[in-house]
Amino acid sequence: MLSNLTALRNRIPGRAYLLAAVIIFAASNTIVRILTDIGAENPIDGRNPISFCNVLFVGNLVVLMVLSSVYRSQLNRTTFAKLTKLDWGALLVVALLSGALAPALVFMALDLTTVNNVVLLGRIEPPLALILSIAFLGDRVGALTLVGSAISFFGVALTVLLPSGDSAMAATGGLMVGRGEIYALSGAIVAAISTIFTRTALKNVPIGIFAIVRTMIGAAVFFVVVLILFEPGHFMDVFSPFLWQWMLVYGGLVIVGGQLCWFTGLKVSVASEVSLASSFAPIAGVLAAFLLLGEAPTTAQYIGGAVIVIGIVCTQIDVQRRSRQPRPTATKELDIGVGFKGTS
């Protein structure tokens with residue numbers, strides 16, 4: 001039976017895994033909003049049991065349990081002994097950035113602005129990750145890719161700067177920018193930085209160890225930070241059966257399912273396939289918000305989103321053209337951002 005499942009998995013093309021992951025990740029912001037609304041409708045002593053803090057912390061615990069079961073064969077002394085100090089350093093940085101800080105910023109953004117804003121502003125992550133890859137990893141890209149990235153940056157700027165009036169506002173630099181938008185942009189920037197370390201870690205670290213260690217450290221750091229900055233009351237309902245029944249579904253299907261598809265796709269796909277799959281993220285995210293929440297895009301989001309799509313098209317033309325040219329090696333570990341990836 002196991003051999004049949006392995007053979008079936010090998011016959012599934014990498015781009016199918018990537019596309020499935022993109023759809024799951026694109027809907028994750030909407031699903032988190034739905035879950036918190038469900039919690040608000042079922043309070044415990046006036047508290048929302050499915051608060052953002054509880055979703056992030058308990059979601060990570062569920063992910064940790066599922067991943068430990070899936071990758072239990074990798075949890076041995078021999079596997080850990082093969083990891084170098086550089087591997088552990090990369091894992092630690094990735095855990096702090098993408099396991100704790102980035103999702104916390106995204107959750108705060110979801111509490112203050114629309115899902116569509118979070119989705120569209122998250123599109124700053126891929127071009128920023130590209131710039132960092134060129135600067136620090138020596139990646140080479142075509143001129144059209146750079147143009148497309150610049151256009152996407154401009155689209156994100158339009159989404160922020162064009163008048164909307166839907167967000168809680170805070171004055172910054174003479175411009176009225178919503179705090180939710182600031183958190184969303186900050187989360188995308190942090191995720192882009194973590195991408196560089198992710199690419200380094202994935203080269204030598206088994207997927208299971210990478211995911212488990214990142215989730216474990218991310219959950220622990222987030223728990224300690226919340227206790228220091230706020231109060232233990234934030235986790236008062238962390239053992240609520242009502243919370244856990246939703247987190248088991250969300251963590252097991254959305255987070256773990258999405259991450260397994262994504263990392264499996266990364267291992268068996270070339271960079272052009274990863275880029276093409278991730279380009280559907282903003283469209284899938286906006287559609288999920290509309291279909292599940294009835295959240296129609298604003299004029300600013302329509303304009304900014306259209307410009308972002310133009311940038312994506314330019315990038316894809318260049319990526320597809322370059323993918324047909326002979327290259328010394330195929331880049332399979334490229335982690336092009338698709339927005340918020342679950343809670344870890």
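## Reading a pocket, its rings and the core

Modeller: Let's start with the second largest pocket: helix α5 gives the largest share of its lining, eight residues. Keep in mind that this is a predicted model.

Biologist: Which elements give two or more residues to that lining?

Modeller: Those are α3, α5 and α10. In total, 27 residues line the second largest pocket, and C53, M108, F222, V226 and F230 lie nearest its centre.

Biologist: How much space lies in the second largest pocket, and how do its lining residues divide into nonpolar, polar and charged?

Modeller: The space comes to about 550 Å³. As for the lining, 18 residues are nonpolar, six are polar and three are charged.

Biologist: C53 caught my eye. Is C53 buried or exposed?

Modeller: The cut-off for buried is under 20% relative accessible area. C53 has 16%, so C53 is buried. C314 also counts as buried, at 16% relative accessibility.

Biologist: And how many disulfides does a search of the whole structure find?

Modeller: Zero.

Biologist: OK, on to aromatic rings. How is a pair of rings described?

Modeller: You give the distance of the centres and the angle of the planes. In this structure there are seven aromatic pairs. Take F52 and F107: their ring centres are 5.6 Å apart and their planes sit at 45°, so this pair is tilted.

Biologist: Where in the chain do F52 and F107 lie?

Modeller: F52 is in helix α3, residues 52-70, and F107 is in helix α5, residues 85-112, so the pair ties together parts that are 55 residues apart in sequence. Both F52 and F107 are buried.

Biologist: What about the rings of F222 and F235?

Modeller: Their centres are 6.4 Å apart with the planes at 80°, so that pair is edge-to-face. It links distant parts of the chain, with F222 in helix α10 (residues 207-229) and F235 in the loop between α10 and α11 (241-268), 13 residues apart. F222 and F235 are both buried as well.

Biologist: Which residues form one aromatic cluster with F222?

Modeller: F57, F223 and F235 join F222 in that cluster.

Biologist: Last topic, the nonpolar core. Which residues of the largest one touch the most other members?

Modeller: F222 turns up again here, along with L110, M247, Y250 and W262, in a core of 68 residues. There is also a second, separate core of five residues, and L128, A129, A192 and I196 are among them.

Biologist: So F222 is one to look for in several places: by the pocket centre, in the aromatic cluster and in the largest core.

Definitions and conventions. Residues are numbered from 1 along each chain as its sequence is written. This is a predicted model: local features need pLDDT of at least 70, side-chain atom pairs count only at pLDDT 80 or more; totals for chains, interfaces and linings use all residues. Side-chain values use heavy atoms; hydrogens and water are left out. A nonpolar core is a set of buried Ala, Val, Leu, Ile, Met, Phe, Trp, Tyr and Cys residues joined through side-chain atoms within 4.5 Å. Buried means under 20% relative accessible area, exposed over 50%, partly exposed in between (1.4 Å probe, protein chains only). Rings of Phe, Tyr and Trp (its six-membered ring) pair if their centres lie within 6.5 Å; planes under 30 degrees apart count as stacked, over 60 as edge-to-face and the rest as tilted. Helices (H or I, at least four residues) and strands (E, at least two) are DSSP runs, numbered from the N terminus. On a 1 Å grid over the protein atoms alone, a cavity is a set of points where a 1.4 Å probe fits but cannot get out, and a pocket is an open set with protein on both sides within 12 Å along at least five of seven lines; lining residues have an atom within 4 Å of a point. Grid points are joined across faces, edges and corners, and a volume is the space filled by probe spheres set on the points. Ala, Val, Leu, Ile, Met, Phe, Trp, Tyr, Cys and Pro count as nonpolar, Asp, Glu, Lys and Arg as charged, and the others, Gly among them, as polar. A disulfide is a pair of cysteine sulfur atoms within 2.5 Å.
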